[in-house]
Every structure is written in C-alpha cells, then in structure tokens.
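Biologist: Could you take me through this model slowly, one question at a time, and let each answer finish on what I asked for?

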Amino acid sequence: MAAAVRVSRCARLPGKRGGVLGAAALVALLAAALALWGPPLDAALAGLVSARTATMDGALRLARGLVPPLAAGSHKGRDGRVAVVGGCREYTGAPYFAAISALKAGADLAHVFCAREAAPAIKAYSPELIVHPVLDSPGAVGEVEKWLPRLHVLVVGPGLGRDEQLLASVKGILEAARARDLPVVIDADGLWLVARQPDLVRGYAKAVLTPNHVEFRRLREAVVRDDGGEDGEAVRGLSEALGGVTVLRKGERDLVSDGRQAPSAVLVCDQEGSLRRCGGQGDILAGSLGVLLHWALLAGPQKTNGSSPPLLAALGACALTRRCSLRAFQKHGRATTASDMVAELGPAFHELFES
Ligand SMILES: NC(=O)C1=CN([C@@H]2O[C@H](COP(=O)(O)OP(=O)(O)OC[C@H]3O[C@@H](n4cnc5c(N)ncnc54)[C@H](O)[C@@H]3O)[C@@H](O)[C@H]2O)[C@@H](O)CC1
Ligand SMILES: Nc1ncnc2c1ncn2[C@@H]1O[C@H](COP(=O)(O)OP(=O)(O)OP(=O)(O)O)[C@@H](O)[C@H]1O
Ligand SMILES: [Mg+2]
C-alpha cells in the first residue's frame with residue numbers, strides 16, 4: 001500500500017488514533033513538516049497519520065522555487081525550448097493547445113512537429129508557434145533529430161492520432177530523444193504507442209506519462225496485465241513496473257507517483273478546477289508540464305530539496321491547469337472551452353507561482 005499522507009483542504013483527517021485534527025492545527029503542523037520534504041518529511045509524517053494519499057501543498061511551494069526569475073540579461077530560449085510532437089489530419093487543436101500552453105507557462109520558444117496536412121491549420125492558429133510539417137515524411141525521424149540539440153523537452157502525443165506511419169516515426173523520435181537524455185512528456189496517442197511498446201520509456205527517469213482515465217486503463221492492462229484499480233497504489237504500481245517513470249493519472253483527483261518515493265508516496269492534486277469537461281484540458285496540462293519539467297530538472301537538488309523533479313513539475317502542472325480552468329469556468333460557465341482556459345493560463349500562473 002503506498003504510504004504517505006492525505007492532506008485535504010477539508011477539516012477532517014482521520015489520524016492513527018481515529019481523532020480529527022482541526023484544519024488550522026493540521027495545516028500549521030503539516031506546513032512545518034512539509035518544509036522538511038523528501039525522506040526527512042516522510043519520516044516525520046510516517047507516524048502521524050495512516051498511510052493514505054498525499055496532497056502535498058508543500059510540494060507546490062517547492063515548485064514555485066523552480067521558476068527561473070526573469071532577468072534583464074537572459075537570452076531568448078534560456079527559459080525553455082519546448083517541442084510538441086503531434087498533429088494530424090483529424091486533430092490540430094490538441095498540439096496547438098499543448099504548444100501555446102508551454103509558451104504561456106513561460107517557455108521562450110514552442111515548436112510543433114506535425115503531419116503536413118495539419119501544419120497550415122496550426123500555423124494559422126498562432127504566429128508564436130514554429131510549426132514543422134515533417135512528421136509524415138519518409139525522413140521524419142532525421143528531420144526532428146537534427147532539432148533535438150536545440151530543444152529542452154519534447155511533449156509527445158497531443159493530436160498524434162494512431163496512423164501506423166506516424167507512430168513508427170514517433171518511436172524513432174522517442175529513441176533519439178532518450179539517447180540524448182532529453183526529458184519527455186508523453187500524452188494522448190503517445191501513450192497508445194507506449195502501451196504497445198513500454199520499453200520505449202521503461203527505466204527512463206526523465207519521462208512523465210499523463211494518462212486520462214481510459215489511457216491509464218490501457219497502460220495498466222498492457223504493462224501490469226490488470227486494467228483494474230484507479231487508486232494511488234495502481235498509479236504507483238504502474239510507475240514501478242515501468243522502472244520509475246513518473247505517472248500522472250488525470251481525473252477528479254490527479255494522482256502522481258514515480259514509484260520510488262520512499263516510502264512510496266502517491267501525491268494528490270485535488271485543487272478546485274472547472275466543472276466543465278471539455279476537450280483540450282489534458283493538452284493544456286501536457287504543454288504546461290513540458291516547461292515545468294525542464295525548469296525542475298535544471299533547478300538542482302538545492303531547489304527541489306531532494307525531491308523528484310518530475311514529481312514536482314507534474315504537481316505544479318496539475319495545479320496550474322486546474323487554476324486556469326477554474327478561472328475560465330468562473331467567467332464562461334457551461335460555455336467554457338479549452339481556448340478560454342488557455343486565455344487564463346498567464347493570470348493563473350501569476351497567482352500560483354509569482355504572487
Ligand atoms: N481539439 C483537438 O484537436 C483535441 C484532440 N484530442 C486528441 O484526440 C485524440 C484522442 O483523445 P481522446 O481523449 O478523445 O481519446 P481517449 O482514447 O483518451 O478517450 C476515448 C474516449 O474515452 C472517453 N473518456 C475519456 N476520459 C474518460 C473518463 N474519465 N471516464 C470515462 N470515459 C472517458 C471519452 O469519451 C473519449 O472520447 C488524442 O490524440 C488527443 O490529443 C483531444 O486532446 C481533445 C482535443
Ligand atoms: N472528473 C473530473 N473532475 C474534476 N476534474 C477533472 C476530472 N477529470 C479530469 N479533470 C481535470 O482535467 C484535467 C484533464 O483531464 P482529462 O481527463 O480531461 O484529460 P484528457 O482526456 O487527456 O483531456 P484532452 O481532451 O485534452 O485529451 C485533469 O488533470 C484534471 O485536473
Ligand atoms: Mg488527452
């Protein structure tokens with residue numbers, strides 16, 4: 001059973017003695033303890049409450065510390081060069097949402113490597129995106145590989161579709177990225193590929209998978225031969241079976257684990273979000289996560305306090321996506337779309353990471 005703690009916003013937290021701690025006392029107590037973070041934190045809290053799942057507000061505080069300060073002398077690209085690999089005839093919105101979210105979350109440059117047919121539409125959505133119509137060309141892997149030295153992170157899968165030729169190209173691109181130790185976020189149909197070829201990511205600590213409900217079940221079925229279970233232990237088990245790849249299982253509560261946190265904590269992000277379940281919210285999360293993952297890996301242990309950088313980045317991206325979707329929902333209600341959420345990403349980022 002994944003051991004950690006569940007810290008929810010509500011007042012009720014069953015302790016070992018079955019008592020209930022008041023919210024204020026609990027928050028104060030855990031705020032101090034969370035400051036320890038990492039193995040000392042786990043040790044400090046292990047005896048406090050029964051092993052459940054953990055919403056690590058302290059992790060968010062750490063995530064804030066990963067954001068590089070804007071500086072007069074910085075050059076274009078320093079704060080992140082993110083590339084989305086996806087976009088096909090059917091799906092052009094998903095790669096756009098992922099790439100523009102990376103920019104609005106603070107990346108300096110956002111590329112999209114997509115199929116030729118998708119490129120005009122994605123280019124038309126935004127002049128900010130650098131769109132390469134190469135993914136369905138015979139030399140797609142080489143075309144992308146020559147860009148890898150100039151990129152910090154790949155976000156693979158939004159709007160990819162399931163065309164065998166595209167998936168074969170993406171397999172080669174993932175292999176090339178891993179060979180260069182490039183961090184990757186794998187979402188949507190990129191997860192379709194991983195479910196069929198788990199060794200593409202197995203044991204790769206710089207990979208983060210972001211399955212939704214359906215994609216999670218497919219992965220569990222393919223990797224651990226069990227499509228049951230949606231709880232923290234199922235997430236931790238999948239992560240462990242993939243050799244410590246960080247898994248973010250999206251849902252009403254986002255569950256994150258790298259399978260190795262001792263004692264194997266599963267972190268929960270259940271901050272308030274939108275009640276609307278419109279398409280594109282997962283793409284926004286994947287793009288935001290791309291830039292946060294780059295920053296987290298760059299920050300070093302003194303900033304992450306010994307915690308897993310991908311884990312912190314995933315939590316930060318969950319909180320950011322929920323906050324921008326909530327802001328959009330408060331303005332647009334049932335009419336809220338992913339475009340409205342993207343429009344709120346900048347203010348949500350400021351609220352969470354800069355104020
Ligand atoms: N505007 C666009 O271009 C969009 C394109 N998208 C792309 O569409 C492709 C397929 O993504 P999908 O998410 O549709 O496919 P999935 O295979 O993830 O999901 C298939 C169906 O499962 C159902 N489902 C999803 N979450 C569920 C849940 N929590 N409980 C029960 N049922 C659930 C939905 O009806 C969904 O259509 C991906 O490449 C994705 O990136 C989506 O991201 C949505 C937006
Ligand atoms: N049932 C839910 N209740 C509240 N929030 C949810 C729920 N399901 C998902 N979310 C929120 O929406 C985010 C995206 O999850 P979702 O399941 O929509 O991804 P997705 O299906 O990949 O989206 P996309 O349409 O972009 O592919 C989650 O990280 C979570 O914050
Ligand atoms: Mg999705």
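Modeller: Gladly, and we begin with a term: a polar contact is a pair of N or O atoms within 3.5 Å. Please keep in mind throughout that this is a predicted model.

Biologist: How far is an oxygen atom of ligand 1 from an N or O atom in the side chain of R162?

Modeller: A pair of N or O atoms counts as a polar contact when the two lie within 3.5 Å. The pair formed by an oxygen atom of ligand 1 and an N or O atom in the side chain of R162 meets that cut-off, since the computed distance is 3.1 Å.

Biologist: Which residue has an N or O atom in its side chain 2.7 Å from an oxygen atom of ligand 1?

Modeller: G159 is not the one, as what lies 2.9 Å from an oxygen atom of ligand 1 there is a polar backbone atom. The side-chain atom at 2.7 Å from a ligand oxygen belongs to D283.

Biologist: What percentage of the accessible area that ligand 1 has on its own does the protein cover?

Modeller: Taken on its own, ligand 1 has 830 Å² of accessible area. Of this area, the share that the protein covers is 55%.

Biologist: Which element supplies the largest share of the shell around ligand 1?

Modeller: There are 18 residues around the ligand, and G159, D189, N212, R218 and D283 come nearest. By kind, the shell divides into six nonpolar, seven polar and five charged residues. Two helices, α4 (93–104) and α9 (213–224), each supply at least two residues, and the largest share, four residues, comes from α9.

Biologist: How many of the ten residues of helix α10 are buried?

Modeller: A residue is called buried when its relative accessible area is under 20%. In α10, which spans residues 232–241, the buried residues are G232, A234, V235, R236, G237, L238 and S239. The helix is therefore mostly covered, and the count of its buried residues is seven.

Biologist: Which elements do the buried residues of α10 pack against?

Modeller: After α10 comes G243, whose phi is positive, near 75°. As for packing, the partners of the buried residues in α10 are one helix and two strands, namely α9, β7 (246–249) and β8 (254–257).

Biologist: What percentage of the residues in the protein chain is buried?

Modeller: The protein chain holds 15 helices and nine strands, and its length is 355 residues. Across that whole chain, buried residues make up 57%.

Technical notes. Residues numbered from 1 in each chain as written. Chains lettered and ligands numbered in written order. Predicted model: local features only at pLDDT ≥ 70, side-chain atom pairs only at ≥ 80, totals over all residues. Heavy atoms only, no water. Near = heavy atom within 4 Å. Polar contact = N/O pair within 3.5 Å; in protein donor to acceptor, adjacent residues only side chain to side chain. Areas by Shrake-Rupley, 256 points an atom, 1.4 Å probe, with all protein chains shown as cover. Nonpolar A, V, L, I, M, F, W, Y, C, P; charged D, E, K, R; others polar. Buried < 20%, exposed > 50% of the residue type's maximum accessible area, 1.4 Å probe, protein only. Contact = heavy atoms within 4.5 Å.
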